[in-house]
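Work through the exercises below with the sequence and the coordinates at hand. Each task is followed by a solution in steps.

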Amino acid sequence: MAIAVNMSVKDIFNAKRASTPVEAVLGTPIAVKGFALAESVDANGELKEVGYVVEKDTNNVFGFVSDICKQGITDLAALYEQDASILDGLTVTFKKGLSKSGREFYYMHIQ
């Protein structure tokens, strides 16, 4: 499923080649300018779905393959369809959690 809010085809093209992993900004609030969910080919030639968030002030793009974070993008897109003003002041923070089985995972929290 392709989603793009305030990200052009060119923005997504560039994000596929030069985005910062969310691990670099865990716990840091990011004012959101736009977001996307797109397919990308990984180093092994496999097609994967990747999520992106663009920071409002810096235009830095943060990428992720976490299924939970990608679901967050899908949910944000649904909210945006209902009310486009959701981007006004939208801030996300990427966090790391620990499952009951002891496995680490990433998730998004919106403010």
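**Exercise 1. The second largest pocket**

Task: For this predicted model, state the volume of the second largest pocket, list the residues that line it, and find which element supplies the largest share of the lining.

Solution:
- Step 1. The volume of the second largest pocket comes to about 150 Å³.
- Step 2. Its lining is made of Ser66, Asp67, Ile68, Ser99, Arg103, Glu104, Phe105 and Tyr106.
- Step 3. Two elements, α2 and β7 (104-110), each give at least two residues to this lining.
- Step 4. With three residues, β7 has the largest share.
- Step 5. Sorted by class, the lining of the second largest pocket has three nonpolar, two polar and three charged residues.

**Exercise 2. The largest pocket**

Task: Give the volume of the largest pocket and describe its lining by residue, element and class.

Solution:
- Step 1. The largest pocket has a volume of about 350 Å³.
- Step 2. It is lined by 18 residues, and those closest to its centre are Ser19, Val50, Tyr52, Phe64 and Val65.
- Step 3. Two or more lining residues come from each of α1 (9-17), β3 (30-41), β4 (47-55) and β5.
- Step 4. The class count for the largest pocket is nine nonpolar, four polar and five charged residues.

**Exercise 3. Aromatic pairs**

Task: How many aromatic pairs does the structure hold? Classify each pair from the angle between its ring planes, using 30 and 60 degrees as the limits of the tilted class.

Solution:
- Step 1. There are two aromatic pairs.
- Step 2. For Phe64 and Phe94, the ring centres are 5.3 Å apart and the planes stand at 50 degrees, so this pair is tilted.
- Step 3. Phe64 belongs to strand β5 (residues 61-64) and Phe94 to strand β6 (residues 91-98), so the pair ties together parts 30 residues apart in sequence.
- Step 4. Phe64 and Phe94 are both buried.
- Step 5. For Phe105 and Tyr107, the centres are 6.0 Å apart and the planes are at 40 degrees, so this pair is tilted.
- Step 6. Phe105 counts as partly exposed because its relative accessibility is 27%. Tyr107, at 29%, also counts as partly exposed.
- Step 7. Phe105 also lines the second largest pocket, whereas Phe64 is among the residues closest to the centre of the largest pocket.

**Exercise 4. A charge over a ring**

Task: Which residue lies over the face of Phe13, and at what distance from the ring centre?

Solution: The residue is Arg17, at 3.7 Å from the ring centre of Phe13.

**Exercise 5. Salt bridges**

Task: Count the salt bridges, taking 4 Å between nitrogen and carboxyl oxygen as the limit, and give the exposure of the partners where it can be stated.

Solution:
- Step 1. The count is three salt bridges.
- Step 2. Lys48 pairs with Asp42, with 3.8 Å between the closest N and O atoms. Lys48 is partly exposed at 38% relative accessibility, and Asp42 is partly exposed at 22%.
- Step 3. Asp67 pairs with Lys70, with 3.2 Å between the closest N and O atoms. The two are three residues apart in helix α2 (residues 67-82), so about one helical turn separates them.
- Step 4. Asp67 is exposed, with a relative accessible area of 59%, whereas Lys70 is buried, with 10%.
- Step 5. Lys96 and Glu104 form a salt bridge at 3.8 Å, N to O. Lys96 counts as partly exposed, at 42% relative accessibility.
- Step 6. Asp67 and Glu104 also appear in the lining of the second largest pocket.

**Exercise 6. Separation in sequence and in space**

Task: How far apart in space are the C-alpha atoms of Asn44 and Ala31, and those of Gln111 and Lys100? Locate Asn44 and Gln111 along the chain.

Solution:
- Step 1. Asn44 is placed in the loop between β3 and β4, and counts as exposed at 65% relative accessibility.
- Step 2. From Asn44 to Ala31 there are 13 residues in sequence and 33 Å in space, C-alpha to C-alpha.
- Step 3. Gln111 is found in the segment after β7, and is partly exposed at 47% relative accessibility.
- Step 4. Gln111 and Lys100 are eleven residues apart along the chain, and 26 Å separates their C-alpha atoms.

Definitions and conventions
Residues numbered from 1 in each chain as written. Predicted model: local features only at pLDDT ≥ 70, side-chain atom pairs only at ≥ 80, totals over all residues. Heavy atoms only, no water. Phe/Tyr/Trp six-rings, centres within 6.5 Å; stacked < 30°, edge-to-face > 60°. Helix = DSSP H or I, 4+ residues; strand = E, 2+ residues; numbered from the N terminus. Buried < 20%, exposed > 50% of the residue type's maximum accessible area, 1.4 Å probe, protein only. Lys NZ or Arg CZ within 6 Å of the ring centre and 35° of its normal. Salt bridge = Lys/Arg side-chain N within 4 Å of Asp/Glu carboxyl O. 1 Å grid on protein atoms, 1.4 Å probe; cavity = no way out; pocket = protein on both sides within 12 Å on 5 of 7 lines; lining within 4 Å. Points joined across faces, edges and corners; volume = space filled by probe spheres on them. Nonpolar A, V, L, I, M, F, W, Y, C, P; charged D, E, K, R; others polar.
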